[in-house]
Amino acid sequence: LSITGKAVIRTDAKEEVRTEKVNYLAENEKVEIPGKVTIIGEKGRPKIVADKLDADLKLEVLDLKGHVKIDTLVGDNQQIK
């Protein structure tokens, strides 16, 4: 299944994924986004922008590629590792 145009996907975690093209490979439970992708959290943070995204839905793994920018707010009790 491929979706082209201004694709907006809402995840179970209430994140919003925005891109121009999404390929869903049902037999492998994988998603490929071959171009720029923006992921926005439920309350607008974190915001992640990447040149490309591959996801393995079964393993719950995201592979962000190219230029990747993560814009988040870090509070006193949070750490980025």
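## Overall surface and burial

Accessible areas are obtained by the Shrake-Rupley method with a 1.4 Å probe. On that basis, the accessible surface of the protein chain comes to about 6,300 Å², and carbon and sulfur atoms contribute 49% of this surface. The model is predicted.

The protein chain consists of 81 residues, of which 23% count as buried.

## Secondary structure and contacts

The protein chain has 6 strands and 0 helices. Read from the N terminus on, its elements follow the order β-β-β-β-β-β.

Among the contacts in the protein chain with a separation of 6 or more, 15% are accounted for by residues 24 or more positions apart.

## The nonpolar surface patch

A nonpolar patch on the surface is formed by L1, I3, Y24 and L57. Together, these residues have about 380 Å² of accessible area.

One member of the patch, I3, is found in strand β1, which covers residues 2-10. I3 has a relative accessible area of 36% and is therefore partly exposed, a class that lies between the limits of 20% and 50%.

## The surroundings of T38

T38 is located in strand β4, which spans residues 37-40. This residue is classed as buried because its relative accessible area is 13%, and buried means under 20%.

When neighbours within four places in sequence are left aside, T38 is in contact with E16, V17 and R18, and also with K47, I48 and V49.

Notes
Residues are numbered from 1 along each chain as its sequence is written. This is a predicted model: local features need pLDDT of at least 70, side-chain atom pairs count only at pLDDT 80 or more; totals for chains, interfaces and linings use all residues. Side-chain values use heavy atoms; hydrogens and water are left out. Patches are made of residues with over 30% relative accessible area and no salt bridge: like charges are joined within 9 Å, nonpolar side chains (Val, Leu, Ile, Met, Phe, Trp, Tyr) within 5 Å. A salt bridge is a side-chain nitrogen of Lys or Arg within 4 Å of a carboxyl oxygen of Asp or Glu. Helices (H or I, at least four residues) and strands (E, at least two) are DSSP runs, numbered from the N terminus. Buried means under 20% relative accessible area, exposed over 50%, partly exposed in between (1.4 Å probe, protein chains only). Contact means heavy atoms within 4.5 Å.
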